[in-house]
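Please look through the model shown here with its two ligands in view. The paragraphs after it lead from one binding site to the next and end at a single side chain.

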Amino acid sequence: MADSKTIAKPALEVNNLSTWFYTDKGIVRAANDVSFTIKKGETLGLVGESGCGKSVTARSILGLIEPPGEIVTGEILLDNTNLLQAETKKLEKLRGRELAMVFQDPLSSLNPVLRIGLQMIETIQTHKKTSRREAERQALLQLDQIGLPDPERIMRSYSFELSVGMCQRVMLAMALLLEPKVLIVDEPTTALDTTVQTQILAELKRLQREMNMSLLMITHDMGVIAQMADTVAVMYAGSITEKAPVKKLFDNPAHPYTRALLSSIPRLGQNNLSPIEGQPPSLFNLPPGCPFLKRCPEVFSKCFDYMPSLGEISPGHFSACLLANNFELPGVSSQ
Ligand SMILES: Nc1ncnc2c1ncn2[C@@H]1O[C@H](COP(=O)(O)OP(=O)(O)OP(=O)(O)O)[C@@H](O)[C@H]1O
Ligand SMILES: [Mg+2]
């Protein structure tokens with residue numbers, strides 16, 4: 001029987017991460033005091049509307065924030081190594097090997113002038129001492145595993161010769177090549193129709209189980225969350241507003257923003273999620289108070305006083321809504 005302590009061990013821990021961009025127009029507070037944990041073999045779904053800070057959070061984890069962006073506070077632990085203090089060389093070694101990411105726009109991450117096969121072989125050989133023949137064998141196997149027909153042909157192709165769905169699968173296969181412990185997948189299936197999306201995600205889930213890999217699944221689609229996630233973190237205007245095991249979140253959403261997101265489920269597969277009237281606040285200068293108050297159907301006077309932090313309303317279920325916390329919540333410390 002599996003040891004419960006082993007199962008519960010976190011593979012990735014993000015603690016109090018704040019990432020800001022110091023632009024000419026002011027400071028964009030893209031991620032504020034973001035914390036979550038992903039256990040070994042589990043999936044955390046990070047969900048929220050466009051511009052809420054999902055990709056910035058992911059890029060922060062990979063050490064890909066460039067000026068004028070800066071990680072202002074936080075700790076990112078991958079198997080107890082704080083990535084924010086790791087040397088560049090160590091980080092480069094971990095990236096790909098232990099921690100991989102499929103970017104939001106996979107087409108632009110594939111090199112258009114190199115055949116797919118060569119890109120895959122190079123990825124393997126950069127990280128592992130492997131003969132070219134063995135690297136090629138592994139690449140073919142991985143393409144087959146992710147459900148691509150005729151892997152030999154794919155290996156000989158350039159990205160522009162493949163459909164978007166095929167490119168998405170190729171990107172996933174490339175990310176899986178080195179069997180990373182943690183894989184971050186940033187809306188890779190957004191451009192696909194629902195059937196193809198569901199298929200790819202099912203294949204990813206099967207491979208995840210085989211590899212006991214942890215997954216950070218970024219999406220704005222609650223349908224994807226339902227299919228993939230064990231735990232969900234809902235993000236709004238740079239902050240996590242609710243965090244819970246997936247069933248608790250769907251059965252008992254404890255933030256008005258989550259309830260609004262869930263109302264979009266009947267339109268599963270639709271790409272642009274716009275369940276709520278109005279726009280999120282500008283990240284340049286977040287007004288005091290709850291960031292959701294302008295759009296919240298349940299807003300009341302106390303919501304204007306300060307920005308609430310996450311409070312635990314039942315074991316493992318956190319909400320940053322004063323109503324869900326009986327009006328008792330401390331403010332966010334980093335604001
Ligand atoms: N290089 C940058 N300079 C200034 N602002 C940036 C930069 N990169 C991101 N931002 C800002 O950070 C905020 C969060 O962006 P992010 O890309 O994380 O959103 P997202 O949740 O991934 O949205 P989407 O669902 O559209 O991908 C946005 O307001 C964006 O404009
Ligand atoms: Mg994004």
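What follows describes the surroundings of ligand 1, then the metal site, then one arginine.

This is a predicted model, in which local features need pLDDT of at least 70 and side-chain atom pairs count only at pLDDT 80 or more, while totals for chains, interfaces and linings use all residues. Residues are numbered from 1 along each chain as its sequence is written, chains are lettered from A and ligands numbered from 1 in the order in which they are written, and side-chain values use heavy atoms, with hydrogens and water left out.

Ligand 1 is surrounded by 15 residues, of which Ser50, Gly51, Lys54, Val56 and Gln104 are the closest, where being near means having a heavy atom within 4 Å of the molecule. By class, this shell holds 6 nonpolar, 6 polar and 3 charged residues; Ala, Val, Leu, Ile, Met, Phe, Trp, Tyr, Cys and Pro count as nonpolar, Asp, Glu, Lys and Arg as charged, and the others, Gly among them, as polar. Oxygen atoms of ligand 1 lie 2.7 Å from a backbone N or O atom of glycine 51, 3.2 Å from a backbone N or O atom of cysteine 52, and 2.8 Å from a polar side-chain atom of serine 55. Taken alone, ligand 1 exposes 640 Å², and the protein buries 66% of that, the areas coming from the Shrake-Rupley method with a 1.4 Å probe. Strand E1 (10-23), strand E2 (26-39) and helix H2 (54-61) each give two or more residues to the shell, and H2 supplies the largest share, 3 residues; helices (H or I, at least four residues) and strands (E, at least two) are DSSP runs, numbered from the N terminus.

Serine 55 also leads to the metal, since the magnesium ion (ligand 2) is coordinated by Ser55 (OG) and Gln104 (OE1) at 2.0 to 2.4 Å. Donors here are N, O and S atoms within 2.8 Å of the metal (3.2 Å for Na, K and Ca), and water is not among the atoms, so sites may look incomplete. The pair links distant parts of the chain, with serine 55 in helix H2 and glutamine 104 in the loop between strand E6 (99-102) and helix H4 (106-109), 49 residues apart.

Arginine 295 sits in the loop between helix H12 (256-262) and strand E11 (311-314). Its relative accessible area is 10%, and it is therefore buried (under 20%, with exposed meaning over 50% and partly exposed in between, for a 1.4 Å probe and protein chains only).

Notes:
Polar contact = N/O pair within 3.5 Å; in protein donor to acceptor, adjacent residues only side chain to side chain.
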